[in-house]
Amino acid sequence: MPASYTPKTRGAMAHEHSHSQTVETNTAAAEATVADVLAQKGADIFAVKPLDTIKHAVELMRDNRIGIVLVKDAQDALVGVLSERDIVRQLADTPGQTLPKTVADLMTREIETATSQEQLVSVLRRMTDGRFRHMPVIDDGTLVGLISIGDVVSYRLAALEYEALKLKQLIVG
């Protein structure tokens with residue numbers, strides 16, 4: 001369980017709920033931030049340069065079992081993202097001609113970002129509405145991490161498992 005996860009208690013109110021999600025859990029989920037997810041998953045960032053080949057980016061994705069790489073320029077500024085989806089679409093359009101292309105040719109340049117203090121629920125809504133699964137996290141102009149919908153689901157499952165353990169402890173005494 002992430003160190004930053006601390007369930008809220010409301011005395012006897014917690015005993016009045018028979019639902020699997022209590023008021024406390026829903027409150028904790030609503031208050032969770034991107035920083036909570038980064039604390040659980042780590043802040044590993046995999047990046048390529050705009051002039052790198054798609055072949056290089058694909059190998060990096062394969063070797064690290066990831067679905068997206070960030071694209072950083074020579075000054076280390078975030079200039080785009082390259083996802084599996086970007087590559088697959090190009091493969092369909094130009095079979096056999098995609099791997100030699102540059103990352104700059106295929107990358108998504110307009111990127112939604114989050115801050116580490118942003119509420120998780122808000123970030124999830126933007127990801128769902130925008131139909132993308134990854135979001136770079138930038139604080140004060142510095143890239144500090146990348147979160148995915150999978151990371152958020154993993155965080156939420158850990159929180160629910162923690163709550164279930166606490167409820168079992170409460171019942172058993």
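**Fold, cores and backbone features of the predicted model**

R131 is exposed, its relative accessible area being 68%. In this predicted model, R131 sits in the loop that joins α7 to β4. Its phi is positive, at about 60 degrees, although R131 is not a glycine. Most residues other than glycine have a negative phi. A positive phi in a residue other than glycine is also found at D76, where the angle is near 70 degrees. D76 belongs to the loop between β2 (68–72) and β3 (78–83) and is partly exposed, with a relative accessible area of 47%. A further positive phi, of about 95 degrees, is taken by G42, just after α3.

The mean pLDDT of the protein is 83, and 82% of the residues reach 70 or more. Over residues 1–27, however, pLDDT stays under 50. For this stretch the model has 32 contacts beyond four places in sequence. Where pLDDT is low, the predicted coordinates should not be read in detail.

The protein contains eight helices and five strands, which follow one another along the sequence in the pattern α-α-α-β-α-β-β-α-α-α-β-β-α. Of the contacts with a separation of 6 or more, 55% join residues 24 or more positions apart. Buried residues account for 35% of the 173 residues. The exposed area of the protein is about 10,200 Å², of which carbon and sulfur atoms supply 54%.

In soluble globular proteins, nonpolar side chains tend to be buried together. The largest nonpolar core of the model has 13 residues, and the members that touch the most others are V34, V37, L120, V123, M135 and I147. Two or more residues of this core come from each of α3 (34–41), α7 (120–130), β4 (134–139) and α8 (149–172). Another core, of 12 residues, lies apart from it and includes A57, L82, I87 and V103.

Within α3, the buried residues are V34, D36, V37 and L38. Beyond its neighbours within four places in sequence, V37 is in contact with L120, I147, D151, V152 and Y155.

Two packed helices are described by the angle between their axes and the distance between the axes. For α3 and α8, the axes come within 10 Å and cross at roughly 85 degrees. Because angles of 65 to 115 degrees count as roughly perpendicular, α3 is roughly perpendicular to α8. On the α3 side the contact is made by D36, V37, Q40 and K41, and on the α8 side by D151, V152, S154, Y155 and A158.

Q117 occupies a place in the loop between α6 (103–106) and α7. Its relative accessible area of 57% makes Q117 exposed. Q117 and A32 are 85 residues apart along the chain, and their C-alpha atoms are separated by 9.0 Å. Once neighbours within four places in sequence are left aside, the contacts of Q117 are with T33 and A35.

Key. Residues numbered from 1 in each chain as written. Predicted model: local features only at pLDDT ≥ 70, side-chain atom pairs only at ≥ 80, totals over all residues. Heavy atoms only, no water. pLDDT = per-residue confidence, 0-100. Contact = heavy atoms within 4.5 Å. Core = buried A, V, L, I, M, F, W, Y, C linked by side-chain atoms within 4.5 Å. Buried < 20%, exposed > 50% of the residue type's maximum accessible area, 1.4 Å probe, protein only. Helix = DSSP H or I, 4+ residues; strand = E, 2+ residues; numbered from the N terminus. Areas by Shrake-Rupley, 256 points an atom, 1.4 Å probe, with all protein chains shown as cover. Axes fitted to C-alpha atoms, helices over the stretch in contact; angles between N-to-C directions. Parallel < 35°, antiparallel > 145°, perpendicular 65-115°, else oblique.
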